[in-house]
Amino acid sequence: MTRIEILQMGPFPEWDQTPLDAAYRMHRYFEAADPAALLAEVGPRVQAIATRGSIGAGADVIAACPDLRLVAVYGVGYDAVDLSACRDRGIRLTNTPDVLTGDVADLGVAMMLAQARGIVAADGFVRSGEWTRTAAPLTRRVHGGRAGILGMGRIGRAVAERLAGFQMQIAYSDLAPVDLPGATFIADPVDLAKTVDVLFVTLAASAATRGIVGADVLAALGPDGLLVNISRASNVDEPALLAALESGTLGAAALDVFDGEPRIDPRFLALDNVLLQPHHASATHQTRRDMGQLMRDNIDAFFAGRPLPSMVI
Ligand SMILES: O=CC(=O)O
């Protein structure tokens, strides 16, 4: 029996790769010596693209697959997929929401704590023996502070639930107020940033949200403010962020996402007021297994004619 052909844009763990290879004919675009030649050869036979959130599927790849019917994303964010091409051609799109929400929120809160309490620097302080000569610098209290959440979707809510345990006052910004007792809705991101100590960016990225955290938001957060980004780099104006961190207009940042990642702007490496994380908010064994299962369930359901477990379009 001829197997359905799938273009694979990035690596998956072995526990997903093995069943995918058994059920489908997978073409590894990311490993091809000449990706354009691979696309020209297999594109006409490809019926699905399996991709990672950070890689997506651009217009050129989609255009090279005239019989493409499904794009299955391993991740919740699908901003790197050309949505208008999918809509125009009636191509289905699936992602992996819900299963990663808790881990992403956990890491966001951990990043806030790590940055505010100087946990990474303090580890170096102990290892270097500096502790035997002097006392570690004082850090900053987290509990009872004011937190802002930009984007009150699933992940924003999960962050809010965790921050309640730190007795933090919570304000948020979104397109409209949501039902979240005890939290204050502030529509304008600049006004939100003015009233908080820590600003979490938990917004699904799109063309409309590009650079929504700009120089004005960063200045409003101010020299004592902390920015935590666990969404997408595109939501933050990165040149403005670097300038604000270098000048001290913004106090500190904790970032899991970067323009051009994993090759991040080297200016970040020279800053001691930023915590750098390798886009791994969902990267626990448990969640990555659940994400892989959900992506495969979507692919299997599509080709078996069953309803899609997590369809975007
Ligand atoms: O960034 C990760 C995701 O979109 O799931």
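1. Helices (H or I, at least four residues) and strands (E, at least two) are taken here as DSSP runs and numbered from the N terminus. On that basis, Pro262 is placed in the loop between β11 and β12, and the peptide bond that leads into Pro262 from Glu261 is cis, with omega near 5°. The model is a predicted one, and the cis bond is therefore to be read as a feature of a prediction.

2. The domain assignment of the chain gives domain 1 as residues 5-98 together with 286-304, and domain 2 as residues 101-276. The centres of domain 1 and domain 2, taken over C-alpha atoms, are separated by 32 Å. Where the domains meet, 7 residues of domain 1 are in contact with 6 residues of domain 2.

3. One open sheet is built from 5 strands in the order β2-β1-β3-β4-β5, and the pairing is parallel. At the edges of this sheet stand β2 (25-28) and β5 (92-94), each of which pairs on one side only. Ignoring direction, neighbouring strands of this sheet are turned by 20° against each other on average.

4. Within the 5-stranded sheet, β1 (residues 5-8) is joined to β2 by 4 bridges, the two strands running parallel, and Gln8 stands opposite Arg28 in β2. Helix α11 (residues 285-304) lies across β1, β3 (46-52), β4 (70-74) and β5. The direction of this helix is at about 170° to β4.

5. A further open sheet consists of 7 strands, ordered β8-β7-β6-β9-β10-β11-β12, again with parallel pairing. Because β8 (183-185) and β12 (274-276) stand at the edges with a single partner strand each, one side of each is left without a neighbour in the sheet. From one strand to the next, the twist of the 7-stranded sheet averages 20°. As background to both arrangements, strands of a sheet pair through backbone hydrogen bonds, either parallel or antiparallel.

6. Inside the 7-stranded sheet, strand β9 (residues 198-201) and strand β10 (residues 226-229) run parallel and are joined by 4 bridges, with Leu199 standing opposite Leu227 in β10. Helix α5 (residues 101-116) lies across β9, β10, β11 (252-255) and β12, and runs at about 150° to β10. Helix α7 (residues 154-164) lies across β6 (146-150), β7 (169-173) and β9, running at about 170° to β6. Strand β9 is thus crossed by α5 and also by α7.

7. The ligand is surrounded by Gly75, Val76, Gly77, Leu100, Arg232 and His279. A backbone N or O atom of Val76 lies 2.7 Å from an oxygen atom of the ligand, while a polar backbone atom of Gly77 is 2.8 Å from a ligand oxygen atom. From a side chain comes a further contact, since an N or O atom of His279 is 2.6 Å from an oxygen atom of the ligand. Of the 190 Å² of accessible area that the ligand has on its own, the protein covers 84%.

8. Some backbone values deserve a look before the model is used. Most residues other than glycine have a negative phi, and most peptide bonds are trans. Asp98, in the loop between β5 and α5, has a positive phi of about 70° although it is not a glycine. Gln167, found in the loop between α7 and β7, has a phi near 50°, which is also a positive value in a residue other than glycine. To these may be added the cis peptide bond from Glu261 to Pro262 discussed in the opening point.

Key:
Residues numbered from 1 in each chain as written. Predicted model: local features only at pLDDT ≥ 70, side-chain atom pairs only at ≥ 80, totals over all residues. Heavy atoms only, no water. Pairing = 2+ DSSP bridges. Axes fitted to C-alpha atoms, helices over the stretch in contact; angles between N-to-C directions. Contact = heavy atoms within 4.5 Å. Near = heavy atom within 4 Å. Polar contact = N/O pair within 3.5 Å; in protein donor to acceptor, adjacent residues only side chain to side chain. Areas by Shrake-Rupley, 256 points an atom, 1.4 Å probe, with all protein chains shown as cover. Domains from an automatic or database assignment.
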